[in-house]
Amino acid sequence: MTAALEISGLSVLYGQAIEALDGVSITVPEGGFVALLGANGAGKSTTLKAISGLLRFENGRVARGTITYRGDDVAAMPSYQLARRGILHVREGRFVFPTMTVEENLEAALFARGSRGPALRRRDYDEVFHYFPALKARAKSQAGYLSGGEQQMLAIGRALFAQPELLMVDEASLGLAPKIAADIFSILHAINRDRRLSILVVEQNVTLALRHASHGYVLENGRVAADGPSQKLLDRDTLSRRYLGGGADVH
Amino acid sequence: MNLFLEFSLIGLASGGIYVLAALSFVIVYKATNIFNFATGEMMMFGTYFFYLFDTQLGFGWVAGLGMGLVSAALLALAIERTMLRPLLGRPHIVLVMVTFGVGSILRGFAGLFWGPNVRQLPEILPRKPIFLGDILVPGKLAWGFVTVGVIAGLFMLYYRYSRAGTAIRATSIDQVTAESLGINIRAVFLLAWALAGLLTAASGIITASVNGVTPQLGLVALNVLAVVMLAGMTSVGGVVIAGLFVGWMETIVGAYLGAAWQSFIPYLVVLVVMFVKPSGLFGEQRVERI
Ligand SMILES: Nc1ncnc2c1ncn2[C@@H]1O[C@H](COP(=O)(O)OP(=O)(O)O)[C@@H](O)[C@H]1O
Ligand SMILES: [Mg+2]
């Protein structure tokens, strides 16, 4: 399989001194489903922010290493251009626009669509509602009034509305009931299968993530401590216990 | 009773003058979080641009209006790019002070180029009074109000339904998320300033169509600020209502209590509202203090 995304030797600094990543290398194959695991503060979110360019908003920068997307070095590209190239980042904490309706939230992602993907009409929400039927009933509601699970679905659905080619989701299950978290991962899996969309998730719930992802990376203190096919990672139970702060026991 | 109605209509019509300038203030504040204290001077300068192209350079009012509006938008873009963009990320108060400075500079230039005397604009709006039943509204005021209504209506449609409007709204709520969804927030800042340039120029030209323009025209922006505070900084619809309300109140107070009362009663009301509801009548709860 060819790589959609290839990160090599990536080091990231916040401010002048705080080194959040130190030589991280990660590959997401075209159409692949990859999970990024690790304890709190390991550098998972930082990795996604480096890829989507959102580091700049937190005074962070890539100090060393390369980020290659479909053969192009994209490390210096501003976030909005990365989104327009199809790299969509659903941030930790969902960040729906609370005073806009569900439909308006979706439409805010239109700019990322650019000329990619099928020429859908502006108000053609069917694809998103197909995967997230719960949103259809709330289409005219203000996003701030949705439940946590619905907001997470909206955040993912909004990225989907942009016709992404690489979808990154940070802590999708955070603060959600286990059943809803499992549903969201099943939907991500279905999207990955149906659309051959490359997906990179960050997740604390290791078993949930590895049940759907085909490959996993474990970050520890800004370095890749382990990686491999999901089944192998799951089998290495001791490793999970040690590096994932007991996250493997959640399920 | 008829007299009260007549004063009310005149008051609402003069409130229309505040509406466009207040919309300009709100659009900049929403998109960029900057209090633009140069709003009044942008009104004044836009008006002089119109005067320059129409009267001084003799292009006539149609071409002159087009050129004047475009120049006003370009001026706003220039202010954003040269004065504010380099200071992005600095403390808020610095940016606010810069807009103050820009206002003074514009007033200074206007005095230099056009002098302190009143310049009359061409007669575009019909003078002929409008009769509603047996109520009389001065023609220019009435047509100015209609013009404001059309512009404000178009602006609100644009803001609510266009893709660019969606981008401005998204940016005003959360810049990082907007950018992550493919919205170029720097372009949104520029767009907001360009719109502000157009709105202030239109507002200035309508204001000056009655009494002409001087470098002091921008001083009405103080009233505009009161309108914006009353509405709550961030509400586009609220600003329209608040503008009409303040205009109405000024006229009514002036008519029944006299000019001395007129100059402060409306602001007293705004002050009281701010005490009772600090976020303004229609504002979201995120008003910053300066
Ligand atoms: N905006 C920031 N400024 C400074 N340090 C940060 C910032 N964000 C994260 N960090 C630091 O970088 C490290 C990795 O953080 P993060 O990527 O958020 O971890 P994770 O997502 O795995 O929990 C942590 O030590 C954290 O304190
Ligand atoms: Mg994180």
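In this predicted model, D170(A) lies in strand β7 of chain A, which covers residues 166-170. D170(A) is buried but forms no salt bridge. K49(A) is the nearest side chain of opposite charge, at 6.6 Å; a salt bridge would need the charged atoms within 4 Å. The side chain of D170(A) does make a polar contact of 2.6 Å with the side chain of S45(A). Leaving aside residues up to four places away in sequence, D170(A) touches S45(A), L48(A), H89(A), V90(A), R91(A), E92(A) and V202(A).

Two of these neighbours, S45(A) and E92(A), also hold a metal ion. The magnesium ion (ligand 2) has S45(A) (OG) and E92(A) (OE) as its protein donors, at 2.0 to 2.3 Å. S45(A) belongs to helix α1 (residues 44-52) of chain A, while E92(A) sits in the loop between β6 (87-90) and α3 (102-107) of chain A, so the pair links parts 47 residues apart in sequence. The table gives the exposure of the two donors.

| Donor residue | Relative accessible area | Class |
|---|---|---|
| S45(A) | 16% | buried |
| E92(A) | 33% | partly exposed |

Strand β7(A) pairs with β6(A) in the parallel sense, over four bridges. One bridge partner of this pairing is L166(A) in β7(A), matched with I87(A). In a regular strand, side chains alternate between the two faces of the sheet. Both faces of β6(A) are covered: I87(A) and H89(A) are buried on one side, and L88(A) and V90(A) are buried on the other.

Chain A also has an open sheet of four strands in the order β2-β1-β4-β5, with antiparallel pairing. Its edge strands are β2 (18-29) and β5 (72-73), each of which pairs on one side only. Strand β1 (residues 3-14) of chain A runs antiparallel to β2(A), and eight bridges join the two. V12(A) has L21(A) as its bridge partner in β2(A).

In chain B, helix α9 spans residues 221-231 and is mostly covered, with nine of its eleven residues buried. The buried residues are A221(B), N223(B), V224(B), L225(B), A226(B), V227(B), V228(B), L230(B) and A231(B). What covers these residues includes α1 (2-32), α2 (39-56), α10 (236-257) and α12 (265-276) of chain B. Just after α9(B) comes G232(B), with a positive phi of about 105°.

Note on methods. Residues are numbered from 1 along each chain as its sequence is written. Chains are lettered from A and ligands numbered from 1 in the order in which they are written. This is a predicted model: local features need pLDDT of at least 70, side-chain atom pairs count only at pLDDT 80 or more; totals for chains, interfaces and linings use all residues. Side-chain values use heavy atoms; hydrogens and water are left out. Buried means under 20% relative accessible area, exposed over 50%, partly exposed in between (1.4 Å probe, protein chains only). Lys and Arg count as positive and Asp and Glu as negative; His and the chain ends are not counted. A polar contact is a pair of N or O atoms within 3.5 Å; within protein, one must be able to donate a hydrogen and the other to accept it, and residues adjacent in sequence count only if both atoms are side-chain atoms. Contact means heavy atoms within 4.5 Å. Donors are N, O and S atoms within 2.8 Å of the metal (3.2 Å for Na, K and Ca); water is not among the atoms, so sites may look incomplete. Two strands pair if DSSP finds at least two bridges between them.
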